[in-house]
Amino acid sequence: MRPIRFTFVALLILTAGTLARPHAAFDPGKPKDLKATADGPYAVDLDWRRVRGSEGYYIYRDGSRVAETTPTDYRDEGLQPATTYVYRVSAFDDDGDEGDLSDAVQVTTEALPGPSVPDDLVAIAVGPYRIDLVWSPSESESGIEFYRVFRDGNELATTVNTAHEDSNLDPETRYQYRVLAVDILGNESDLSEPASATTEAEPGPPPPRNLTAIAESSTQINLAWNPPAASTHPVQGYNVYREGEPIGFVLSTAFVDTGLSPETTYRYAVSSVDTREVEGELSDEVSATTDAPTDVIPPAAPTGLRLVGG
Amino acid sequence: MWRERYMKTGAPALGAVLVLALAAGCTPDGPGAGIPTHPTDTYSVTLEWDAPTVDAVGRPLDDLSGYRLYYREVGSPAGSETMFEVGAATRATVQGLSAGEYLFAVTALDVLGNESELSDALPVQVGP
């Protein structure tokens, strides 16, 4: 029995000692089984096992007390997406004494969804050297920072707009484009569906200027003109058209059209041909009317020749 | 040319009109005018004709420009005829003719220089 008594007495002493101190340290033990679960990009839900004798709990995030709560769970809101936080919880009693901190738990909020894939990408050839792109804006939680434009698999440009003008292209060439969106957080969407366009053929030289047609006789019309003011490639000659039909190619800036019918109007146009043998647009038409046929019929002979008084 | 036309048109008429011509239009030139002749006197002849109204193939004529008058003395060789550019008038006077028998004819010209055939030849006895 002695040992039992001793134990009892010892308990009494210990208890009396504890009660005797008005603000004895609260030591209910640290909260156990703290769990932290990210709920979306901006909130974390915490819960833990109840601590017997506690009045409430303090919540610590990254070492700082951020809240106090009575139940054994807590929702921490207003957080940053895709961010890792460390939580601990402690219990306190009705005297305000705080117990030990729980073990730390780490949780990462969800990332914001990336931007949607740019839609409705359209590529339109504008002349021989340029293709214009346009697409529908991507949707984004965080906001779109810019778009990346790819041509034939290689990044071509970035733009904050939903359109891009691709210039200095080769004529008569097919190009394929894709676009992706990048949001403010750096998240990239998948590549859009491809869109293709083929640049137009390179234009020929400009038409000659100041084309004139002058009837020279009843069977001949003379044409003359000036070279075009400017041409990407040098002009080597001209095609001459009568009534829409080609009638000759000349290196000079004049043409003599013979064998025509008298008193007939003919329409002419001339085009330039450059050194690549590319023919340009026709000039404006001019027309001329051949002269009346040359009169080779003499008058009838005079009649009634008579002698009169001198 | 002259020979052809003369032979064709002028010769048959020559004798027939000779007397009339003499009476109608030969006038002595210069101081001796109206006075009986001397072998070296000269004479003038005034002729008239009618303008053609059509060309050689019968189309209306709208580019008549003038006439040429030809004459030579009967018996002189073909090709020796004298020609005057008359102008647009249908009347002409030839001066300085010696007495003799002449053949006269006219042609018409258009603006392009096309010349008509000779008119019928008119024989004229010039002088006393």
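So, how many bridges pair E3(B) with strand E4 of chain B, and is the pairing parallel or antiparallel? Hold that thought for a second. One caveat before the answer: this is a predicted model.

Okay, the answer. E3(B) and strand E4, residues 82-87 of chain B, pair over five bridges, in the antiparallel sense. If you want a spot to click on, take B:Leu69, which stands opposite B:Phe84 in E4(B).

E3 of chain B, residues 64-73, has another partner too: strand E6, residues 100-110 of chain B. That pairing is antiparallel as well, with nine bridges. There, B:Leu64 has B:Asp110 in E6(B) as its bridge partner.

Now let's go across the chains. Strand E23 of chain A, residues 303-308, is joined by four bridges to strand E2 of chain B, residues 42-50, and the two run antiparallel. Zoom in on A:Arg306 and you'll find B:Glu48 of E2(B) as its bridge partner.

What does the contact as a whole draw on? Chain A puts in 16 residues, and chain B puts in 38 residues. On the chain A side, ten of those residues are nonpolar, four are polar and two are charged.

Last bit, chain A by itself. We're looking at 23 strands and one helix. The chain has 310 residues, and 26% of them count as buried. As for how the contacts spread along the sequence, take those in chain A with a separation of 6 or more: 66% of them are between residues 24 or more positions apart.

That's my tour, thanks.

Technical notes. Residues are numbered from 1 along each chain as its sequence is written. Chains are lettered from A and ligands numbered from 1 in the order in which they are written. This is a predicted model: local features need pLDDT of at least 70, side-chain atom pairs count only at pLDDT 80 or more; totals for chains, interfaces and linings use all residues. Two residues are in contact if their C-beta atoms, placed from the backbone, lie within 7 Å. Ala, Val, Leu, Ile, Met, Phe, Trp, Tyr, Cys and Pro count as nonpolar, Asp, Glu, Lys and Arg as charged, and the others, Gly among them, as polar. Two strands pair if DSSP finds at least two bridges between them. A residue is buried if 20 or more other C-beta atoms lie within 10 Å of its own, exposed if 12 or fewer, and partly exposed in between; C-beta atoms are placed from the backbone.
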